[in-house]
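Please read the following account with the model open beside it, and follow each part on the structure as it is described.

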Protein chains: 2
Amino acid sequence: MEESASTGTLGKAVAVLDAIARAGKPVRFRDLRDLIGQPPGTLHRNLSNLMKEGLVRANPDNSYALGYRLLTFASVAWASNRFREIAEPHLRELHRQTDETVHLGVLEGLEVIYLDKVESRQAVRMHSQIGKASPAYCTGVGKAALAMLPEEERRIRVNSIHFHAFTPKTIATAMDLEAELITIGQRGFAFDDEEHETGIHCAAAPIHSTDRSFVGGISVTAPSYRVSRDQLEQWVPLVSRAANEINSDIAIQLGPRV
Amino acid sequence: MEESASTGTLGKAVAVLDAIARAGKPVRFRDLRDLIGQPPGTLHRNLSNLMKEGLVRANPDNSYALGYRLLTFASVAWASNRFREIAEPHLRELHRQTDETVHLGVLEGLEVIYLDKVESRQAVRMHSQIGKASPAYCTGVGKAALAMLPEEERRIRVNSIHFHAFTPKTIATAMDLEAELITIGQRGFAFDDEEHETGIHCAAAPIHSTDRSFVGGISVTAPSYRVSRDQLEQWVPLVSRAANEINSDIAIQLGPRV
DNA sequence: AAGCGTTGTTCCACATAATGGAACTGCGTT
DNA sequence: AACGCAGTTCCATTATGTGGAACAACGCTT
């Protein structure tokens with residue numbers, strides 16, 4: 001009963017996009033060939049088609065980068081996203097209350113994708129993180145979101161994670177994560193205690209559509225040297241309240257049917 | 001000698017993405033079917049594949065929206081873009097000098113895609129416009145960029161434009177645009193005199209890679225009621241200087257070969 | 001509440017488009 | 001100048017997408 005049939009031709013094209021994205025810089029033909037193992041003829045045609053569609057861009061030195069059309073698609077995806085729109089005022093309020101960086105993220109497979117961000121120091125480019133994907137198992141938003149999944153679904157996902165210890169405090173086994181998620185599910189909020197990046201911790205709370213087809217979370221993030229664990233814990237009610245308000249706004253605005 | 005072969009399967013998948021993007025809001029199956037004319041079976045499979053790849057997302061009410069993975073691709077595309085990176089300090093400087101909104105855009109076919117923006121009033125969401133596509137023929141950046149194309153290429157593009165008079169001042173014929181572009185090419189800068197949106201005008205200057213495989217521009221935009229045409233003209237040297245500095249930085253940093 | 005029209009889903013014989021090995025081109029290197 | 005490798009083109013084979021039609025699910029009307 002294997003249901004996950006391949007996406008055929010499309011999957012191969014997306015694999016090319018993904019390889020370029022993972023590289024994080026322009027890649028040459030040969031590097032791509034090694035990364036995804038497509039024979040030269042096939043890869044060449046894929047790139048050629050992607051370029052015609054504006055999804056890939058060739059530099060004059062025969063290196064390839066992601067195309068500008070992806071920006072346009074993302075711009076629309078972002079602007080027309082209801083969850084983000086509904087959450088926005090609550091992010092601002094939470095930021096006003098804490099004066100620290102507030103994130104909104106959504107769970108996509110095993111990753112959290114950040115949909116929005118409000119940060120104290122506007123000097124840093126605001127959109128630098130929008131769209132960024134991070135592992136769910138070592139981020140506050142990610143753990144809060146995972147904890148909201150139905151038990152069966154949660155277990156499947158947890159068991160397919162490839163753990164990497166980003167810091168000494170990273171939860172690095174399925175068993176530990178499972179235990180942590182149960183705790184988070186019970187108390188309704190999560191911490192990231194320097195699990196992704198040393199010196200950065202956060203408090204997070206889950207948000208979700210009523211049918212949980214969409215799960216995500218919000219968080220308040222701060223450097224450990226400036227904000228104590230105690231302070232973080234004192235913010236939990238604020239974070240939880242914001243999350244609850246978002247949840248209820250979602251339930252109201254997207255209808256009980258959703 | 002028709003060279004523009006179709007992109008086959010990929011093209012049809014992208015047509016679906018494009019239709020959803022154009023709608024600017026979640027669309028239902030039937031609407032998509034009408035928009036792109038794919039038979040139900042085909043459309044259903046395309047959507048199914050796009051969803052498996054995370055490029056499309058289904059709402060519980062059977063409407064489809066662009067997927068979160070597009071945000072991630074765009075995030076990488078934006079962060080790893082050298083032109084944007086090189087231009088950034090010059091945008092900031094131009095903003096400092098004028099205290100008005102500064103744009104960086106790149107020409108993609110017949111459209112300008114905005115890569116960056118620095119605006120005076122930070123109250124408005126900064127990334128609201130990043131990735132946005134606008135017609136080239138009625139924007140300052142677009143006209144400046146078109147004017148930099150080799151004559152033959154420019155004429156081909158101008159002749160394939162479908163003009164729409166957004167305002168009474170919009171240039172709406174290929175002949176008028178051609179004349180305007182020649183003028184712009186000679187003097188080295190462009191204005192948008194309320195041609196896209198009544199009450200908004202701007203001064204722009206072209207930027208380009210040395211081989212002109214990439215053309216774009218920067219602009220200073222302001223509402224007419226607050227900034228006079230005279231003021232705009234006085235800013236032209238600043239805009240031109242910033243553009244020239246970007247051009248020379250590009251030439252240096254991306255190498256004479258590029 | 002039943003029936004009907006609309007909307008979305010599945011299936012399968014067929015046609016088309018993708019595949020990839022191999023031969024080729026051209027650029028950079030010694 | 002000749003070598004080697006990155007990148008490109010070609011084409012017979014094969015896998016994949018195609019779309020009509022039959023089917024299922026939903027919601028709206030009577």
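Sorted by class, the surface near DNA strand C is made up of 5 nonpolar, 9 polar and 4 charged residues, and it should be kept in mind throughout that the model is a predicted one. Of the 18 residues around DNA strand C, those that come nearest are A:Gly41, B:Gly8, B:Phe29, B:Arg30 and B:Gly41. Both protein chains take part in this surface, since at least two residues each are supplied by α1 and α3 of chain A and by α1 (8–23), α2 (29–36) and α3 (40–52) of chain B. Among these elements, α3(A) gives the most to the surface near DNA strand C, with 4 residues.

The two protein chains also touch one another, in a contact that takes 46 residues from chain A and 46 residues from chain B. On the side of chain A that touches chain B, at least two residues each come from α1 (8–23), α3 (40–52), β3 (63–66), α4 (69–79) and β4 (101–108) of chain A, and of these α4(A) gives the most, with 10 residues. The residues on this side of chain A divide into 22 nonpolar, 15 polar and 9 charged.

Turning to chain B, the reader can trace an open sheet of 6 strands, paired in antiparallel fashion, in the order β6-β5-β4-β9-β8-β7. Its edges are formed by β6 (133–135) and β7 (190–193) of chain B, each of which has a single partner strand, so one side of each is left without a neighbour in the sheet. From one strand to the next, the twist averages 35°. Within this sheet, strand β4 (residues 101–108) of chain B is joined by 6 bridges to strand β9 (residues 215–223) of chain B, the two running antiparallel, and B:Gly105 stands opposite B:Gly217 in β9(B). Helix α9 (residues 229–253) of chain B lies across β7, β8 (200–208) and β9 of chain B, and its direction makes an angle of about 25° with β8(B).

Back in chain A, a single loop residue may be considered: A:Glu119 lies in the loop between β5 (111–118) and β6 (133–135) of chain A. Is A:Glu119 buried, exposed or partly exposed? A:Glu119 has 18 other C-beta atoms within 10 Å, and therefore counts as partly exposed, because burial would call for 20 or more such atoms and exposure for 12 or fewer. A:Glu119 and A:Asn247 are separated by 128 residues in sequence, and their C-alpha atoms lie 22 Å apart in space.

Methods: Residues numbered from 1 in each chain as written. Chains lettered and ligands numbered in written order. Predicted model: local features only at pLDDT ≥ 70, side-chain atom pairs only at ≥ 80, totals over all residues. Pairing = 2+ DSSP bridges. Axes fitted to C-alpha atoms, helices over the stretch in contact; angles between N-to-C directions. Contact = placed C-beta atoms within 7 Å. Nonpolar A, V, L, I, M, F, W, Y, C, P; charged D, E, K, R; others polar. Near = placed C-beta within 6 Å.
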